[in-house]
Amino acid sequence: MRCGDQCPGFRVHGWRKICVHCKCVREEHAVRSVPGQLEKMMTKLVSDFQRHSISDDDSGCASEEYAWVPPGLKPEQVYQYFSCLPEDRVPYVNSPGERYRIKQLLHQLPAHDSEPQYCNSLDEEEKKELRLFSQQRKRENLGRGVVRLFPVTMTGAICQQCGRQICGGDIAVFASRAGHGSCWHPQCFQCASCSELLVDLIYFYQDGQIYCGRHHAERLKPRCQACDEIILADECTEAEGRYWHMKHFCCFECEAALGGQRYIMRESRPYCCSCYESLYAEYCDTCREHIGIDQGQMTYEGQHWHAVESCFCCALCQLPLLGRPFLPRAGLIFCSRSCSLGEDPNNSDSCDSALQSRHAQHNRHCGNSDKCPLHCSGSEWSSYIKWLSSSKRLLLTSSTHSSRKWLRSILA
Ligand SMILES: [Zn+2]
Ligand SMILES: [Zn+2]
Ligand SMILES: [Zn+2]
Ligand SMILES: [Zn+2]
Ligand SMILES: [Zn+2]
Ligand SMILES: [Zn+2]
Ligand SMILES: [Zn+2]
Ligand SMILES: [Zn+2]
């Protein structure tokens, strides 16, 4: 099910922080209106950030026209600031830009990164640790960019992001954590990890870079791919460069535990083999049988075959085509132009001129037409085939890693 008209409304999963109907995360869920409770949570979060923010300006109060404006600017400077941003990022009231802002507030500043009450089931020790983690980040890294007109009397500066000039009279964003005089073009004030504009100019500074809250937290601790919370436990599951709480490394469909089990990853979500087979397994275009997850599979433009000679072969003469160029036509694959035209393959004329000239052409390219048929990249001959071996599709077991070790390795 996709979001929009088909989802009856956001209903949160027991612990995954996604909608049980359409599986979207909250910020990706069709943001038609923000539910009251969520609105309250966001307001609290932002005011929280503002309290801790080292900017001495008052908060950016909304005007009638905009849902948010940078604090301390004259109306014409507000206009100058927003004119630097892409139109669909300007938070005009009731516009795509306002919806973008809400989405980014939820995404860049996850409530569960700072408030234990938004987490699933932390024990007392973990609650304490999360509070400490969040306080420390606010104390040492959090800041809010200040928008100012670059003085006309000054020679200008270099934008920290794009390296281009900021001239006197330009509007620029300053971030005091990054050092006195460090500044950015308004459109360049973005997270070093996700490259999104930093929502409401809230940034976290670390090792010479500015980040959004989400990605700054992830520089310090692993985040669970399933529940989206920071992992505070000593151990977690790691697979394909991502992390899970041990108990959250389970099938996305049936929630069967997958630690030490065979699983298949799809869009960064692990599935048990039987759920994967029933949801996503493909059918062979030749024999119409289901292609098991342990079987080799050939894939071409949305079509699938068993990777065996009897299935992946010329539709007319049954010549095996594994490891050879083939000619797709009307949903079928053929060994030659004559087969694709339905001509009798036993006809002595089957050595047709099109094929010959193709080979001759290829010869001129690499002079090795006998050895490398796969190099033929003519408009008709398709050699783009993907060989998905069973070993590539199936990943066995998940390893357990200490998150502390992980932390040490990233800080080293
Ligand atoms: Zn949805
Ligand atoms: Zn939904
Ligand atoms: Zn720039
Ligand atoms: Zn980011
Ligand atoms: Zn989790
Ligand atoms: Zn399952
Ligand atoms: Zn088959
Ligand atoms: Zn053929």
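Cysteine 194 counts as partly exposed, with a relative accessibility of 24%, whereas cysteine 191 is buried at 1%. Here buried means under 20% relative accessible area, exposed over 50% and partly exposed in between, with a 1.4 Å probe and protein chains only. This is a predicted model, where local features need pLDDT of at least 70 and side-chain atom pairs count only at pLDDT 80 or more, while totals for chains, interfaces and linings use all residues. Residues are numbered from 1 along each chain as its sequence is written, chains are lettered from A and ligands numbered from 1 in the order in which they are written, and side-chain values use heavy atoms, with hydrogens and water left out.

**The zinc site**

- Cys191 (SG), Cys194 (SG), Cys212 (SG) and His215 (ND1) are the protein donors of the zinc ion (ligand 4), at 2.0 to 2.3 Å from it.
- Donors are N, O and S atoms within 2.8 Å of the metal (3.2 Å for Na, K and Ca); water is not among the atoms, so sites may look incomplete.
- Along the chain, the donors of the zinc ion (ligand 4) follow the spacing C-x2-C-x17-C-x2-H.
- The angles among the four donor atoms run from 90 to 124°, and the site is tetrahedral (four donors, all angles between 85 and 135 degrees).
- For reference, the ideal angle for four tetrahedral donors is 109.5 degrees.

**Strand β7 and its partners**

- Strands are DSSP runs (E, at least two residues) and helices are too (H or I, at least four), numbered from the N terminus; two strands pair if DSSP finds at least two bridges between them.
- Strand β7 (residues 202-206) is largely enclosed by the rest of the structure, because four of its five residues are buried.
- Strand β1 (residues 142-144) runs antiparallel to β7 and is joined to it by three bridges, with arginine 144 opposite isoleucine 202.
- Strand β8 (residues 209-211) is also antiparallel to β7, again through three bridges, and here glutamine 206 stands opposite glutamine 209.
- β7 and β8 make a hairpin with two residues between the strands, in which aspartate 207 has a positive phi near 50°.

**The β13 and β14 hairpin**

- Strand β13 (residues 297-300) and β14 run antiparallel and are joined by four bridges; threonine 299 faces histidine 304 across the pair.
- Two residues lie between β13 and β14 in their hairpin, and glutamate 301 in the turn takes a positive phi of about 45°.
- In β14 (residues 303-306), Gln303 and Trp305 point one way and His304 and His306 the other, and all are buried.
- Such a pattern is familiar: in a regular strand the side chains alternate between the two faces of the sheet.

**A contact across the sequence**

- Valine 146 lies in strand β2 (residues 146-149) and is buried, at 18% relative accessible area.
- Valine 146 and phenylalanine 174 are 28 residues apart in sequence, yet their C-alpha atoms are 5.1 Å apart in space.

**Cavities**

- A cavity is a set of points, on a 1 Å grid over the protein atoms alone, where a 1.4 Å probe fits but cannot get out; lining residues have an atom within 4 Å of a point.
- There are six cavities of 30 Å³ or more, and the largest has a volume of about 180 Å³.
- The largest cavity is lined by 18 residues, with Arg89, Leu197, Leu198, Val199 and Asp200 nearest its centre.
- α2 (75-82) and α3 (96-108) each supply at least two of the lining residues, and α3 gives the most, with five.

Technical notes
Four donors count as tetrahedral if all angles lie between 85 and 135 degrees; four count as square planar and six as octahedral if opposite donors are over 155 degrees apart and all others between 65 and 115; anything else is irregular. On a 1 Å grid over the protein atoms alone, a cavity is a set of points where a 1.4 Å probe fits but cannot get out, and a pocket is an open set with protein on both sides within 12 Å along at least five of seven lines; lining residues have an atom within 4 Å of a point. Grid points are joined across faces, edges and corners, and a volume is the space filled by probe spheres set on the points.
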